[in-house]
Amino acid sequence: MNLWLTILIFIPFLGGLLAAGLGAERKKLVRGCALGSSLLVLGGAVCMWLHFDPHSGGIQFDEKFAWVPTLGIQYYLGVDGLGLLMVMLTAIVTPLAILASWNVEDRPHVFHALVLWLQAGLLGTFTALNFFHWFIFWELGLIPAFFLIKLWGGPRRGPAATQFFIYTMVGSVALLLSFLAIRQATGSFDFIELAAMAKSGVLASKLTATFGWPHIGLVVFFGAFLGFAVKVPVVPFHTWLPAAYSEAPSPVTMLLTGVMSKMGVYGFLRILLPIFPEQIRQVLTPLLWLAVATIVLSAFAAFAQKDIKRMLAYSSINHLGYCLLAMFAAASVATGVTASDLQKAAALDGALLQMFNHGLTASALFLFVSLLEKRTGGLRGLDDFGGIRKVVPVFTGLMGISLFSSLGLPGLNGFVGEFLIFKGVFPLAPWAAVISTLGILVTAIFLLTLIQRVFCGPLNERWVKMPDLTTAERLLVFPSIALMFVLGIWPQFILGAVDATVMKLVQQLNF
Amino acid sequence: MLAWTIYITFIGVLVLMLLPRDNARAARIVALLTALAGCAVAFAGAIQQTNPGQVTEIIRVDWIPIIGAHYYLAADGISLVLVVLTGLAAVTGILFSWNIEKRTKEFFAFYLALIGGVYGVFLSFDLLLLFVFYELTIIPKYFLIARWGSTRKEYGAMKLALYSFVGSHLVLIGMIAAWVVAKGSLGHPSLDLVELSQVHFSAGFQHWVFPLVFLGFAILAGMWPFHTWAPTGHVAAPTAGSMLLAGVVMKLGAYGCLRVAMLLFPEGVREWQGAIAALAVGGIVYGAGVALVQKDFKFVIGYSSVSHMGFVLLGLATLNTIGLDGAVLQMFSHGIIAGLLFGVVGRMVYDRTHTRDFNDLERMNVGKLLPFAGITFVIAGVASMGLPGFSGFVAEMQVLSGAWMVFPKLTILAGIGIVVGVAYTLRAVQKGFYPDVPAAAAEDHAHAHDHPLEPISMPERIGAVILIGASLVVGLCPNLLMKWIEPCFTSPLFERLVKGGI
């Protein structure tokens, strides 16, 4: 019997308990314990990656036990290419976030315990295949995040944390109600089983038969959609995000944007697309408009920001908007069957790649911001700097690479994902693809503005003595930068692992 | 065996009365030992019961033969769950009132008398006996509030007693009517619940008797808009009193609704089903909304109880097995969680800071002064929001699941209640424990408050851990209780009630 995934989830959970138990006084031990357990998870994730069979496309490392048989609840864990990719991303970003928060002095034991529990919640969300315990983890991630913002955040942390929590809860309750309706109709909480039912049409007929309400499918879909839309977020459900990202301490923002925002996209891919393809098709045009609005409006909003963190927060929304575009386009019905399958596969491949790339790049960017804040005592306005490339050349160079990766420069990781998405979406929904390119343009403008205002121009006299990156800090940012190049040049590394999964998803969508 | 829960508790009352007046320590220990023994018997008896789906007789002797009353104690799975809940609530309530110095022995005597009455209600299968135990609980709860309470205690106590009496009178009228009709159809007088549940009362009769009896019990369950005793009563009561009021006394009402009103008049329920569900959802949303704007910490918890009991009533109104299962589980879950919330607010915070006003608490930064209380409240709050992993989630999930089938639109409304529930809990956490105070102001206050608050004592810690543990265990392993509850609603006893439900 294999318990890989259970063990993987329990490592950070127990590590968190241990860190909390060590107390505020033993700071070094606490940090060591946090880093140790997150590295252990990374090791485990790498082992899994190596043992993963990329050709099957099915669920692997699965564990299935009866839990509450009377309610159709099972303990069911497993990953396919998508799940594994997200587990990998979580495993990579968490140790970086822990290292970036090495200097937290206020109750470090609680801080690190919360970070580890957040990681446990994330790992659980990406591996659970039964709604009941998937939902436990989905919500479990919320509480540590709330307290990390609430207790260690910036000056307006209180409202930001509350807004974040309430928005997410509204989505969660809608999601829960939808799934209760589904369970009532089908007696199942199992994602894989439900997807099979959706494909054969049993789900729709059962829902209608149980509730005697022809539009119930659409109502249930909207509930589930709301749950994920808030988390991604989709415009207009995004207003919690800039506040939360900018008020959270930067290492926590790394986790929020790097991994937690992927929970929403993951939910779309694992749950919404396979279980509700019909409903998505019914409201496809409005959904594509939402995706386009997310891409374009958030890019313009980012352009208008004066705070680097808020700018990057809006840019995050923009980047995940491409994933939405790809997913909705992939759900559309296309005429030439085999050709459109390839387009769909390209779009979904791109979406998966984009998820991973964005996680990597955005967390690296917030890591740079945290290093910058350390030097300026928390100052991070766009106008507070100028010309600092002269005093901190290494910092400028490395952050520049990450910024270019974020705007999709060929050769760096961001390019491949966006390219594949546009390649796939263009034949499927040409108008949406065309308008969305506007987002790319604006992204380029605001990221270049950032580079110009912060790094170039005449040197702001205040920062003459700003120290450049220390060796330790260079080592800290090295893995992310290296991966940006590796994935930019050799994306097959990830595509190879997820290809079979994507093909399976495309098959699932065709009926 | 389970009958000993009642006997032990009343023996405890007698022993307490014999103790010397000024020996507070002895009184506490006797009370704790009694409650522990009762709790142990409850657990042991519950585990022993091999077939929880069936009504298992404990004792049955003639009591007043001329009216067909028996001293008839029995238990099925539903009783087991609630008896175990009572045991846990009794023990933790005593742990949370370890600091009572004023007439300690009388306090605990009343306390145990209340517990004994509650055990009695949950185990009675004779209508008259059930009613006697039910009435018996009113007296101790009146005195507990009026003597040891705070903030308008006489008002709160009187309101609670009057509401309870009005409720019991409605029940009594319905009970007598049912007895008369049943005597006609059975040919002999009977008050045996199992026997009465087989009698077919005419539809016209059920139509007007059911609402009387249901309402009589539902008043005590805090059904909106007859809930107003609950917040004032909870606030006025001493900590252990509010823990018991919210934890088990409100369950008496809900239990009565299910065991008497719904079991005897299944056709009546079906006619009034929609109205009950509407009032339940009204309670869920109204309770949550009102809790959102309270200035007094304890009122927040008081109104949250009204909101959570709405889920119990909604579950009962669904009349399908999953909704009913959820309702019973919610009774247990709310008993545990509300007990914990009142414990933190009443004992840990109010007894030390002597204020429950959010404005004062915000200035104190209680989360820093009493870290254990802060963490406990956060955990309890999270459990009360119905976050998965805790008992509240499994219970509310089943209630909503059942409600979807019958009242889809009301279910969506109840969802709004949950969201507001999250909002008021977060607000209470922020205002009560982790306020946003500018550092300078906090510093000032730290100097002003030179005498530190007394640290959280061991009994409080143990009590909190027991309750959190219970909620977590049930949340992660709901099967422990589900295997008692589930067979009940598929048993012949409830057949008439469930079968007709859609």
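Of the 511 residues of chain A, 61% count as buried; a residue is buried if 20 or more other C-beta atoms lie within 10 Å of its own, exposed if 12 or fewer, and partly exposed in between, with C-beta atoms placed from the backbone. In chain B, buried residues make up 62% of the 502 residues. The model is predicted: local features need pLDDT of at least 70 and side-chain atom pairs count only at pLDDT 80 or more, while totals for chains, interfaces and linings use all residues. Residues are numbered from 1 along each chain as its sequence is written, and chains are lettered from A and ligands numbered from 1 in the order in which they are written.

## Overall form of the chains

Chain A has 21 helices and two strands, and the secondary structure of chain B comes to 23 helices and two strands. Helices (H or I, at least four residues) and strands (E, at least two) are DSSP runs, numbered from the N terminus. The radius of gyration of chain A is 22 Å, close to the 24 Å that the globule rule gives for 511 residues, so chain A is as compact as a globular protein of that length. That radius is taken over C-alpha atoms, and the globule rule is 2.2 Å times the number of residues to the power 0.38. For chain B, the radius of 22 Å agrees with the value near 23 Å of a compact globule with 502 residues.

The C-alpha trace of chain A spans about 70 × 55 × 40 Å along its principal axes. For chain B, the corresponding box is roughly 80 × 55 × 40 Å. Two residues are in contact if their C-beta atoms, placed from the backbone, lie within 7 Å. Among contacts in chain A between residues at least 6 apart in sequence, 80% join residues at least 24 apart; in chain B, the share on that basis is 82%.

## Contact between the chains

The contact takes 24 residues from chain A and 25 residues from chain B. On the side of chain A that touches chain B, α5 (131–140), α6 (142–152), α7 (157–186) and α9 (202–211) each supply at least two residues. Helix α7(A) gives the most to that side, with 13 residues. By class, the residues of this side of chain A divide into 16 nonpolar, five polar and three charged. Ala, Val, Leu, Ile, Met, Phe, Trp, Tyr, Cys and Pro count as nonpolar, Asp, Glu, Lys and Arg as charged, and the others, Gly among them, as polar.

## Helix packing

Helix α19 of chain A (residues 430–455) has 26 residues and reaches 38 Å from its first C-alpha to its last, close to the 38 Å expected at 1.5 Å a residue. The expected span is 1.5 Å times one less than the number of residues. Its buried residues include A432(A), S436(A), V442(A), F446(A), L450(A) and F455(A). The buried residues of α19(A) pack against α14 (284–303), α15 (308–331), α17 (393–406) and α18 (413–428) of chain A. G457(A), with a positive phi near 80 degrees, follows α19(A).

In chain B, the axes of α18 (residues 391–406) and α19 (residues 408–432) come within 6 Å and cross at roughly 145 degrees. Axes are lines fitted to C-alpha atoms, for helices over the stretch in contact, and angles run from 0 to 180 degrees between N-to-C directions. L400(B), A403(B) and W404(B) in α18(B) meet P408(B), L410(B), T411(B) and A414(B) in α19(B). This contact has six nonpolar, one polar and no charged residues.

## The hairpin of chain B

Strands β1 (residues 56–64) and β2 of chain B run antiparallel and are joined by seven bridges; two strands pair if DSSP finds at least two bridges between them. I59(B) stands opposite L73(B) in β2(B). Strand β2(B), residues 69–75, is mostly covered, with six of its seven residues buried. Four residues lie between the strands of the hairpin, in which G68(B) takes a positive phi near 80 degrees.

## Backbone features in loops

The table lists cis peptide bonds and residues other than glycine with positive phi.

| Residue | Backbone value | Loop |
|---|---|---|
| P233(A) | cis bond from V232(A), omega about 0 degrees | between α10 (216–231) and α11 (240–247) of chain A |
| P225(B) | cis bond from W224(B), omega near 0 degrees | between α9 (203–220) and α10 (229–236) of chain B |
| R107(A) | phi near 45 degrees | between α3 (81–100) and α4 (108–127) of chain A |
| R103(B) | phi near 45 degrees | between α3 (77–96) and α4 (104–123) of chain B |

R107(A) counts as partly exposed because it has 17 C-beta neighbours inside 10 Å. R103(B) has 16 such neighbours inside 10 Å and therefore also counts as partly exposed.
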